[in-house]
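The following report describes one protein model. Please consult the sequence and the structure alongside the text.

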Amino acid sequence: MPPSDFTSIPIIDLSKAQNGNTREELLEDLRHAIINVGFLYISNHSVPSAVTKSLVDALPVLFGFSEHEKEEVALGKSPHFLGYSATGAEMTAGHADLREQFEFATELESGWREGQPLFEKLRGPNQWPSTYPALRPIVQTYISELTQLSEKFLAFAAEALSLPLETFTPFISDQHRLKLVHYPASQCGATQGVGPHKDSSGWWTFLLQASPPHIKGLQALNKHGDWIDVPNIPGTFVVNIGQGFEVVTNGVCKATTHRVLSGADERYSVPFFQGMRRDLTKEIAVGTLKEHFGSAAFVGSHESDVGRDIDSAFLKGKYDTWGDTQLRTKIRSHQDVGKRFYGEVFEKYVSDA
Ligand SMILES: O=C(O)CCC(=O)C(=O)O
Ligand SMILES: [Fe+2]
C-alpha cells in the first residue's frame, strides 16, 4: 500500500520534543504525517485547558442568541468579512452547507489608504456582540494562544522537513482567522455540514472539535477515495495543511480534502486558520524552497501521487499575490459584502472562472 493511503489519523505528541531520545521519533512521525497524510492530531500542545474550556462553554451561549443579536454583528456589514453568517449562506462543492458561524480574526485596525492594494482592506477590527461582553477576552486569549502554538508548530514542521527552524516565519501574516461553527442537528439523516474542500485560508488549520467525542462528523479523504473518520480526541487539536503551505512546499505537503457530515446531533467546532502574508507573490511562494523540495529526499513521496499539479486558486488564477486570491475567494463566497465594499472589482472577481 502506498504510504499516502492512510486509514487513520496519526497523533503527534509534542511533549516528545523535550527529550533528546524521543525528539527524533517526534520529527519522524511528523514528517510522515505532513508528507503522506496531511492531517494529524497534536497532543500535549501546552494550550491551557482553561482557555479551550472557556471558549467551548461560550459556544451554546453565542449560538443561542436571538436573530436580532446575531444581526447586530452580521458579516454582511464588515469589509473585513468578520461576523455572523447564517445557516445556508455558504456553498461548498455546489451545495449549501448546514452550518452557521461567527468569524473573528486577530484584532487589527483598518489602516487601508487610497493607493494601497485593495486586499489590505481584509485587515480590520472584529464585530463584538454588545450583549455578551465576556466573549471578547475569551476569543482574544484563545487567538493569542493558538497564534503561539501555530508558530511553534511551524518550527517543528520545518525541522521535520530538514529545514532551518525559522524557514516558514517570513510567510506568516499579521492576521489569523478564527471561526466558531455550529452544525445544527439534521432532520433528514446525514447531510452536508460542509462539503468536500481543501482549506484555502492559508498555511495550516488548527481545529478544536468542541462537542463530546461520541458526536462525529469530520472526515478526511485518502488517496483511495475512502473517507476516514477524524473523531474528537479530547485534549487534542486536529491540524491540517492549507493550500498556501502546499504551494510553498511545491506540492510535497498536500492539503488534504475533508468534509463534515451533519447528523442527528448538533455539533460545534472551532477552526483557527493561520494566515499567510497577503503581499506574498507567486514567484516567492513557489521559488523560495523550490530547490529543497525538488531534491531527491522528497522524490519517494511524490511518485504515487496522481495529481502532481497543485490544485490552487492562487497558482491557477490571474492574480499575482496571495492577498488578491484571498479577496477574490471571500468576495465570491459572500457576494453581499463584495457588492457593498468592493464594487470596483466585484464583477471581475465573480465572473472570473
Ligand atoms: O467543523 C469541522 O470539523 C471542520 C470545518 C472545516 O473543515 C472548515 O471550516 O474548513
Ligand atoms: Fe476545512
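## Ala96 and its surroundings

Ala96 is partly exposed because 14 other C-beta atoms lie within 10 Å. By this count, with C-beta atoms placed from the backbone, a residue is buried if 20 or more other C-beta atoms lie within 10 Å of its own, exposed if 12 or fewer, and partly exposed in between. Ala96 belongs to strand S5 (residues 95–96). Helices (H or I, at least four residues) and strands (E, at least two) are DSSP runs, numbered from the N terminus.

Not counting residues up to four places away in sequence, Ala96 touches Gly88 and Met91; a contact requires C-beta atoms, placed from the backbone, within 7 Å. From C-alpha to C-alpha, Ala96 and Asn240 are 23 Å apart in space, and they are 144 residues apart in sequence.

## Basis of the model

This is a predicted model, in which local features need pLDDT of at least 70, side-chain atom pairs count only at pLDDT 80 or more, and totals for chains, interfaces and linings use all residues. Residues are numbered from 1 along each chain as its sequence is written, while chains are lettered from A and ligands numbered from 1 in the order in which they are written.

## The eight-stranded sheet

An open sheet of eight strands follows the order S1-S2-S12-S9-S14-S7-S6-S3, with mixed pairing. Two strands pair if DSSP finds at least two bridges between them. Strand S1 (11–13) and strand S3 (83–85) each have a single partner strand and stand at the edges, so one side of each is left without a neighbour in the sheet. Neighbouring strands are turned by 25 degrees against each other on average, direction ignored; axes are lines fitted to C-alpha atoms, for helices over the stretch in contact, and angles run from 0 to 180 degrees between N-to-C directions.

Within this sheet, strand S6 (residues 100–105) runs antiparallel to S7 and is joined to S7 by six bridges, with Ala105 opposite Arg177. S7 in turn pairs with S14 in the antiparallel sense over five bridges, and Tyr183 has Arg267 in S14 as its bridge partner. S9 also pairs with S14 in the antiparallel sense, over five bridges; here Leu207 stands opposite Pro271.

## Burial of S14 and the helices across the sheet

Which residues cover the two faces of S14? Arg267, Ser269, Pro271 and Phe273 lie on one side, Tyr268, Val270 and Phe272 lie on the other, and all are buried. In a regular strand the side chains alternate between the two faces of the sheet.

Helix H1 (residues 20–37) lies across S1, strand S2 (39–43) and strand S12 (237–241), at about 150 degrees to S1. H4 lies across S6, S7, S9, S12 and S14, and runs at about 130 degrees to S9.

## The nonpolar core

The largest nonpolar core has 80 residues, of which Ile34, Leu40, Ala157, Phe206, Val239 and Val270 touch the most other members. Such a core is a set of buried Ala, Val, Leu, Ile, Met, Phe, Trp, Tyr and Cys residues joined through C-beta atoms within 7 Å. Helix H4 (residues 135–160) gives the most to this core, with 10 residues. In soluble globular proteins, nonpolar side chains tend to be buried together.

Not counting residues up to four places away in sequence, Phe206 touches Leu146, Leu149, Ser150, Phe237, Val239, Phe272 and Gln274.

## The shell around ligand 1

Ligand 1 is surrounded by Lys179, Val181, Val194, Asp199, Leu207, Gln209, Leu218, His258, Val260, Ser269 and Pro271, where a residue counts as near if its C-beta atom, placed from the backbone, lies within 6 Å. Two or more residues of this shell come from each of strand S7 (177–183), strand S9 (204–209), strand S13 (258–262) and strand S14 (267–273).

By class, the shell has six nonpolar, three polar and two charged residues. Ala, Val, Leu, Ile, Met, Phe, Trp, Tyr, Cys and Pro count as nonpolar, Asp, Glu, Lys and Arg as charged, and the others, Gly among them, as polar.

## The four-stranded sheet

A further open sheet has four strands in the order S8-S13-S10-S11, and the pairing is antiparallel. Strand S8 (191–197) and strand S11 (227–229) stand at the edges, each with a single partner strand, so one side of each lacks a neighbour in the sheet. Strand S10 (residues 218–221) and S11 run antiparallel and are joined by three bridges; Ala220 stands opposite Ile228 in S11.

How values were computed
Contact = placed C-beta atoms within 7 Å.
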